[in-house]
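Thank you all for making the time this morning. I would like to walk you through one structure, beginning with its core and then turning to one of its helices.

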Amino acid sequence: MSLDRNWIAQHIPHRGRMVLLDEVLEWDASRARCRSASHRAPDHPLRAHGRLGIAAGIEYAAQTMAVHGALCAGSGTPRPEAGFLASLRNVRFRAPRLDDLPGDLESRVTLVAGDGATAVYEFELRSEARVVLSGRASVVFDVGNRWQP
């Protein structure tokens, strides 16, 4: 089974151009690693004022967390509950922007703790061998779609 952009779009809550990841490179029960080239797109949905700032990299990490959750849930759950970033800690920006990075982005997440209703992930975003963003995120899941209209 190919874990490409099409698979990702079918298994995370994001739609259309907001699906930022191109493929899953590897994963296991505690980690996931994804690749993307979308940061160079001139019509990137998170571009503002002619640029894609480094903070947009948090969305790449969040989507990698969603991919990890979908993979761990297995094939019985085609679209898991939405997850919301509840907090970000120790975020370090090591570049001013993403759109001028020549290499593809590689997003890596590691599950630190989780109980089905929440999860804590450490994350980093790389371009080539350089870490451009890192931090820790707490995610709260919308179990039972209680926050949906």
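What you have in front of you is a predicted model, and I will start with its largest nonpolar core, which holds 33 residues, among which Ile8, Tyr60, Met65, Val67, Leu98 and Val132 touch the most other members. At least two residues of this core come from each of helix H1 (5-11), strand S2 (31-36), helix H2 (57-73), strand S4 (105-114), strand S5 (118-127) and strand S6 (130-141), and the largest share, 7 residues, is supplied by H2.

Let me stay with Leu98 for a moment: leaving aside residues up to four places away in sequence, Leu98 touches His39, Leu52, Gly53, Ile54, Ala56, Gly57, Tyr60, Leu105, Leu125 and Val132.

Now to H2 itself. With 12 of its 17 residues buried, this helix is largely enclosed by the rest of the structure; the buried residues include Tyr60, Met65 and Val67, and also Gln63, Thr64 and His68. As for its length, 17 residues at 1.5 Å a residue should span 24 Å, and the end C-alpha atoms of H2 lie 25 Å apart, which agrees. Just after H2, Gly74 takes a positive phi of about 90°.

Stepping back to the whole protein, we have 2 helices and 6 strands, in the order α-β-β-α-β-β-β-β from the N terminus. Of the 149 residues, 39% count as buried, and, among contacts with a separation of 6 or more, 64% are between residues 24 or more positions apart. The accessible surface comes to about 7,800 Å², with 51% of it belonging to carbon and sulfur atoms.

Technical notes:
Residues numbered from 1 in each chain as written. Predicted model: local features only at pLDDT ≥ 70, side-chain atom pairs only at ≥ 80, totals over all residues. Heavy atoms only, no water. Helix = DSSP H or I, 4+ residues; strand = E, 2+ residues; numbered from the N terminus. Buried < 20%, exposed > 50% of the residue type's maximum accessible area, 1.4 Å probe, protein only. Contact = heavy atoms within 4.5 Å. Areas by Shrake-Rupley, 256 points an atom, 1.4 Å probe, with all protein chains shown as cover. Core = buried A, V, L, I, M, F, W, Y, C linked by side-chain atoms within 4.5 Å. Expected span 1.5 Å × (residues − 1).
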